[in-house]
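This report covers salt bridges, the nonpolar core, a surface patch and some loop residues. Keep the model in view while reading.

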Amino acid sequence: MNNKIFGSMLIFGPIVSMLCWILFFPDNYQLNAGEELAKLAESKNSVVLGGYLATISTASMILGLYFLAKSINTDKSTSSNLAEISGLIILLTFPVLVGLQGIGIAALDAADRVDAGLAQGILEGARGWDTSLSFIMGISWFILGVSLTMKKKFYTVISAIFAIAGVSAILDNFVEFEIFAIIGWMGGFLSMVIMGVLTVINKE
């Protein structure tokens, strides 16, 4: 794929996804499924709009990372093997991450068409997938970051930061320190945007 295309995907995907999660989805931290459903119902229009936008943007982000990994898989070196492994893991996260963006829409639809019990069950089930997904995503970021670092891509330092973000994202699943979440997710998304910009302007 053309570098400018997947570079643009790495810019668009993380930025729009983050904006959707902040602006359109209500905070569900420490809420049970019933309370979360009530919050979703209060802001139904924004949840639906955010769900569709986030579906497109997360798909763009994941595919951008996959094509980045594919672009550096150029030989039989260790770094290329790592790139191939990370690309496959990234593809595994695609259906789950993209699907999770529509969970709010699915829950609201279930509440309208069936009952609140089914809607709450959908929300509860999504939480388990969310935990597993963040762990796998962290692994894929770390492996890809190591591969990029070994190939001295993106001035090396950005690649190294992306690998560190992957480690922090993994640790965020096991340790209750907010710093890991900040470094992992904010650092990872920011690294993706920077790598996307550098790819578009051909400054790898």
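A nonpolar patch, as used here, is made of residues with over 30% relative accessible area and no salt bridge, their nonpolar side chains being joined within 5 Å. The model is predicted.

## Surface patch

One such patch covers about 570 Å². Its members are Ile164, Phe177, Ile179, Ile182, Ile183 and Met186. Helix H8 gives the largest share, four residues. Ile179 lies in H8. Its relative accessibility is 47%, so Ile179 counts as partly exposed.

## Nonpolar core

In soluble globular proteins, nonpolar side chains tend to be buried together. Here the largest nonpolar core holds 41 residues. Which of them touch the most other members? They are Leu65, Leu68, Trp141, Leu144, Met192 and Met195. Eight helices each give two or more residues to this core: H1 (3–23), H2, H3, H4, H5, H6, H7 and H8 (178–200).

Met195 shows what such packing looks like around one side chain. Leaving aside residues up to four places away in sequence, Met195 touches Leu68, Leu148, Phe154, Ile158 and Phe162.

Phe154, one of those contacts, sits in the loop between H6 and H7. Its relative accessibility is 0%, so Phe154 counts as buried. Its backbone also deserves a look. Phi of Phe154 is near 55°, a positive value in a residue other than glycine. Most residues other than glycine have a negative phi. Thr156 lies in the loop between H6 and H7 too. Phi of Thr156 is likewise positive, near 65°. Is Thr156 buried, partly exposed or exposed? At 30% relative accessibility, Thr156 counts as partly exposed.

## Salt bridges

The structure holds four salt bridges. Three of them are tabulated here, with the separation of N and O atoms.

| Pair | N to O distance |
|---|---|
| Glu36 and Arg127 | 2.7 Å |
| Asp112 and Lys44 | 2.9 Å |
| Lys151 and Asp75 | 3.9 Å |

Start with the salt bridge between Glu36 and Arg127. Glu36 lies in helix H2 (residues 33–42) and Arg127 in helix H6 (residues 116–150), so this pair ties together parts 91 residues apart in sequence. Glu36 is buried, at a relative accessible area of 11%. Arg127 is partly exposed, at 27%.

Next comes the salt bridge of Asp112 with Lys44. Asp112 belongs to helix H5 (residues 103–113) and Lys44 to helix H3 (residues 44–71). The two residues are 68 apart, and the pair links distant parts of the chain. Asp112 counts as exposed, with a relative accessibility of 55%. Lys44 counts as partly exposed, with 36%.

The salt bridge of Lys151 with Asp75 joins two loops. Why does this pair tie together parts 76 residues apart in sequence? Lys151 is in the loop between H6 and helix H7 (157–171), whereas Asp75 is in the loop between H3 and helix H4 (78–100). Both ends are partly exposed: Lys151 has a relative accessible area of 21%, and Asp75 has 40%. Residues under 20% count as buried, so Lys151, at 21%, falls outside that class.

## The buried face of H2

Glu36 returns here in another role. The buried residues of H2 are Ala33, Glu36, Leu37 and Leu40. Viewed down the helix axis, they fall within an arc of 100°, so they line one face of H2. What covers them? The cover includes H3, H5 and H6. H6 also carries Arg127, the partner of Glu36 in the pair described above.

## A loop before H2

Asp27 lies in the loop between H1 and H2. Its relative accessible area is 53%, and Asp27 is exposed. How far apart in space are Asp27 and Ala69? Their C-alpha atoms are 33 Å apart, and the two residues are 42 apart in sequence.

## Summary

Four salt bridges are present. Among them, the pair of Glu36 and Arg127 ties H2 to H6. The largest nonpolar core takes in 41 residues. The nonpolar surface patch draws its largest share from H8, a helix that also gives two or more residues to the core.

How values were computed: Residues are numbered from 1 along each chain as its sequence is written. This is a predicted model: local features need pLDDT of at least 70, side-chain atom pairs count only at pLDDT 80 or more; totals for chains, interfaces and linings use all residues. Side-chain values use heavy atoms; hydrogens and water are left out. A salt bridge is a side-chain nitrogen of Lys or Arg within 4 Å of a carboxyl oxygen of Asp or Glu. Buried means under 20% relative accessible area, exposed over 50%, partly exposed in between (1.4 Å probe, protein chains only). A nonpolar core is a set of buried Ala, Val, Leu, Ile, Met, Phe, Trp, Tyr and Cys residues joined through side-chain atoms within 4.5 Å. Contact means heavy atoms within 4.5 Å. Patches are made of residues with over 30% relative accessible area and no salt bridge: like charges are joined within 9 Å, nonpolar side chains (Val, Leu, Ile, Met, Phe, Trp, Tyr) within 5 Å. Accessible areas come from the Shrake-Rupley method with a 1.4 Å probe; for residues, only the protein chains shown count as cover. The arc is that of the directions from the helix axis to the C-beta atoms.
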